[in-house]
Amino acid sequence: MIYFSLISMLYAVLDFIVQPYMHSYGAAYVMIMDLRNSVFEDYPIIGVLLVALLCGCYSLTIYSIAINFVYRFFALQREGRLRYFSGKKLVCWILIPILAAAGWVINNWIFLRPDSEKTEYLRSRAKEKYDLDIDKTSYTGGLYWRTDPYGNQYLSMKDMIGALGLNQLFVSLLSNYFANLLNFRQSH
């Protein structure tokens with residue numbers, strides 16, 4: 001519970017700093033940080049990192065909640081399974097959310113960071129919906145359908161990989177770990 005409380009406080013601090021706008025429009029989804037009147041106004045790349053960290057904190061929170069429920073499940077069974085949360089195994093449990101969060105931050109940084117086409121796609125909508133000058137924001141997000149120089153739409157593989165990467169990180173880390181835990185349990 002202390003671990004989850006610390007994670008929640010970190011999440012709250014990042015949320016206070018970023019004050020995100022969540023936006024889905026057409027073929028795009030983004031989390032936007034308004035840099036106007038911010039100490040980060042002249043450093044938009046730091047804003048991108050903060051938004052990516054906030055996304056990572058979200059996954060950190062979800063993984064921590066899941067592990068908390070596993071712990072409670074083992075505690076209620078009273079069959080000695082709490083030993084999976086002692087010694088070196090406890091460190092493994094603590095590392096799962098941290099590794100997942102790092103994966104989310106890296107995924108956002110590599111695949112979902114701002115680019116000129118996303119910025120232009122969002123420009124009028126951000127102004128209309130939130131009264132934001134998109135050039136004075138930082139964001140992470142995807143634009144699935146892009147337009148080539150000839151006016152043809154194509155599926156952006158980079159943005160798809162970014163979205164699928166988030167999905168894969170969310171599902172596979174927990175499911176693989178719990179599957180291994182169950183296999184370990186059956187073999188002992």
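In the predicted model, Asp148 is found in the loop that connects strand β4 (145-147) with strand β5 (153-155). With a relative accessibility of 23%, Asp148 is classed as partly exposed, because the partly exposed class lies between the limits of 20% and 50%. The C-alpha atom of Asp148 is separated by 34 Å from that of Ser59, a residue 89 places away along the chain.

The secondary structure of the protein consists of five helices and five strands, which follow one another along the sequence in the pattern α-β-β-α-α-α-β-β-β-α. The C-alpha trace spans about 60 × 40 × 25 Å along its principal axes. Of the 188 residues, 36% count as buried, and the accessible surface comes to about 11100 Å², 64% of which belongs to carbon and sulfur atoms. Among the contacts between residues at least 6 apart in sequence, 70% join residues that are at least 24 apart. As to charge, the protein carries 17 positive and 14 negative side chains, and the centres of these two sets lie 17 Å apart.

An unreviewed UniProt entry annotates residues 12-32, 44-70, 90-112 and 160-179 as "transmembrane region". Two of these annotated segments may be described through the secondary structure of the model. Over residues 12-32 the chain is 33% helix and 48% strand, with the C-alpha atoms of the two ends 16 Å apart. Over residues 90-112, by contrast, the chain is 96% helix and 0% strand, and the corresponding end C-alpha atoms are 33 Å apart.

The largest nonpolar core comprises 17 residues, of which Val18 and Met33 touch the most other members. At least two residues of this core are supplied by each of α1 (2-18), β2 (28-34), α2 (44-77), α3 (88-111) and α5 (157-187), and the greatest contribution, six residues, is that of α2. When neighbours within four places in sequence are set aside, Val18 is in contact with Met33, Leu50, Val51 and Leu54. A second core, separate from the one just described, contains 10 residues, among them Val30, Ile32, Leu122 and Leu132.

Two residues of helix α4 were examined individually. Lys118, which is placed in this helix, has a relative accessible area of 1% and is therefore buried, the limit for that class being under 20%. Beyond its neighbours within four places in sequence, Lys118 is in contact with Phe111, Leu112 and Arg113, with Tyr139, Gly141, Gly142, Leu143 and Arg146, and with Asp159. Ala126 likewise has its place in helix α4, which covers residues 116-130, and this residue counts as buried because its relative accessibility is 3%. Under the same exclusion of sequence neighbours within four places, Ala126 is in contact with Asp131, Leu132 and Ile134; one of these, Leu132, is also included in the second nonpolar core. The C-alpha atoms of Ala126 and Val91, residues that stand 35 places apart along the chain, are separated by 43 Å.

How values were computed: Residues numbered from 1 in each chain as written. Predicted model: local features only at pLDDT ≥ 70, side-chain atom pairs only at ≥ 80, totals over all residues. Heavy atoms only, no water. UniProt positions renumbered as here; feature names shortened; annotations may be inferred. Helix = DSSP H or I, 4+ residues; strand = E, 2+ residues; numbered from the N terminus. Buried < 20%, exposed > 50% of the residue type's maximum accessible area, 1.4 Å probe, protein only. Contact = heavy atoms within 4.5 Å. Areas by Shrake-Rupley, 256 points an atom, 1.4 Å probe, with all protein chains shown as cover. Lys, Arg positive; Asp, Glu negative; His and termini not counted. Charge placed at Lys NZ, Arg CZ, Asp CG, Glu CD. Core = buried A, V, L, I, M, F, W, Y, C linked by side-chain atoms within 4.5 Å.
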